[in-house]
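Subject: Structure for you, with notes on its pockets

Hello,

Here is the structure I said I would pass on. My notes come after it.

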Amino acid sequence: MKKCAGCQHENQDTNAFCSNCGAPLDNAVEPESPKPAGKSFSKARIIAVVAAIVFLAIVIKAIAVSANPAMRLLKGLDRLGKMDAFTVTSTLSVNYKGDDDDLKLINQAGASLKTAVNLDKMLAEVTGTLSYDKKTVAEITAGLGEKEVYFALPKLYDKTFTYRLDKQVRAYISEIQVLLKYLREADVQYDRGKYAKAIAEVLDDDIKGSPGKVMLTLDGDRLLDIFAEIFEVAADDEVLMKSLRKNAKNAIEKILKDKHEFELLFDEEDLEYVLEYLQDDDDFEIAYMYIVREMKDSFRYLSRSFKYYADDIPELDVTIDFGLLSSNIRGISIAMEIGDSGETVVLSLDSEISRKASIGKINTKNTVDIEDLMDDPAELEDIAETVLKNLAKNIKSNKKLVNAIDDLTGMDVDDLMDLLMDEIF
């Protein structure tokens with residue numbers, strides 16, 4: 001059909017003039033033909049398809065890493081050993097199941113330990129906490145600073161106790177710090193698959209994997225057997241032997257080139273002697289094989305002795321948390337059950353691992369010098385009295401703990417503190 005440009009009347013395709021107004025149809029407007037229906041993908045549909053593909057990839061990888069838990073365990077331990085800084089926070093809990101009312105009181109007790117280490121700066125700090133009914137009763141912090149060791153008793157005493165390191169000790173720490181720097185630059189290679197196979201054969205059904213976790217059931221003799229098997233594999237691992245030799249040789253050569261003056265750990269002559277030994281393939285191989293075989297035989301002997309003398313020690317259920325796809329160990333949980341079906345105690349140790357060192361700072365204006373304190377027995381006794389007084393205050397604020405002490409000892413808190421003071425002095 002032709003549409004007249006003037007009056008918009010539709011005419012037959014054969015008309016030269018509009019049948020309505022008579023105008024020529026040379027400038028006729030062709031009517032729009034409908035567009036064929038086509039498929040259109042909305043943005044939401046595209047996003048859904050991409051998300052499904054990503055989810056499928058995650059599932060496939062999770063299944064793959066779960067299929068070889070021993071390999072994942074080795075990768076995690078390998079990365080754990082290469083951390084320059086870390087914080088491990090561990091919590092111990094007790095769960096008694098039985099008819100003894102006194103033993104039931106321990107279910108409310110708890111302890112935690114936070115260990116932070118920075119190898120680059122050679123700093124470390126450990127904080128231990130005792131609690132009852134999830135309330136802190138006492139806490140102690142000890143650490144290694146740049147120039148001192150220290151410990152503190154938060155909530156029990158308001159000052160930090162410090163001991164200044166002498167020049168020689170600081171020199172030892174400085175040399176260890178430099179040595180660790182070179183050692184951390186090493187890249188030791190080994191045939192990981194062989195070691196994973198050896199671990200899997202020792203544990204058999206007692207090692208399992210799931211998305212994000214590796215579960216182990218261990219006792220003393222199997223743990224020793226694992227180490228024995230590892231050294232058995234190491235005896236035939238040429239990749240490891242060559243890698244150890246190469247890395248040791250490179251580290252010593254670099255130390256000598258950088259002219260670091262080690263005086264306490266070793267001297268330049270010691271390093272040159274070891275370097276000469278490393279440069280001889282045969283000498284190094286003989287020494288390597290001797291050490292590996294001695295270690296293997298030692299662990300075999302220990303395993304047999306353990307089976308004979310300590311076979312009744314309970315098994316440990318170990319769960320290692322990696323996260324869904326990561327090879328970094330994020331946490332380790334260990335549980336041990338003691339007793340029989342009628343009366344059991346389950347000890348649980350849950351640890352979280354962070355790749356940062358959470359180390360506090362000392363208020364240098366509020367410290368007590370330990371050397372000076374040892375020369376002043378009267379001040380030492382005053383401090384002890386203050387600590388025990390504050391400890392008694394913390395205990396009294398915890399009604400369940402007060403009742404537990406009374407049930408277990410038949411003493412009130414003040415009498416118990418007096419007894420402790422008499423024992424100390």
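Below is what I found on the two pockets.

Please keep in mind that this is a predicted model. All values were computed from it.

Largest pocket

The largest pocket holds about 980 Å³ of space. Its lining consists of 37 residues, and L74, L77, D78, F227 and I230 are the ones that lie nearest its centre. Helices α2 (69-81), α4 (167-184), α5 (192-203), α6 (220-235) and α7 (238-258) are among the elements that give two or more residues to this lining, as are the strands β10 (213-218), β11 (316-321) and β12 (331-339). The largest share comes from α6, with six residues. By residue class, the lining of the largest pocket has 29 nonpolar, six charged and two polar residues.

Second largest pocket

In the second largest pocket there is about 420 Å³ of space. It is lined by 17 residues; those nearest its centre are G145, E146, E148, I362 and T364. Three strands appear here with at least two lining residues each: β7 (148-152), β8 (160-164) and β14 (367-369). Of these, β8 gives the most, with three residues. The lining of the second largest pocket divides into six nonpolar, six charged and five polar residues.

If you want to look at them on screen, F227 and I230 are among the residues to centre on for the largest pocket, and I362 and T364 are among those for the second largest.

Regards

Definitions and conventions: Residues numbered from 1 in each chain as written. Predicted model: local features only at pLDDT ≥ 70, side-chain atom pairs only at ≥ 80, totals over all residues. Heavy atoms only, no water. 1 Å grid on protein atoms, 1.4 Å probe; cavity = no way out; pocket = protein on both sides within 12 Å on 5 of 7 lines; lining within 4 Å. Points joined across faces, edges and corners; volume = space filled by probe spheres on them. Helix = DSSP H or I, 4+ residues; strand = E, 2+ residues; numbered from the N terminus. Nonpolar A, V, L, I, M, F, W, Y, C, P; charged D, E, K, R; others polar.
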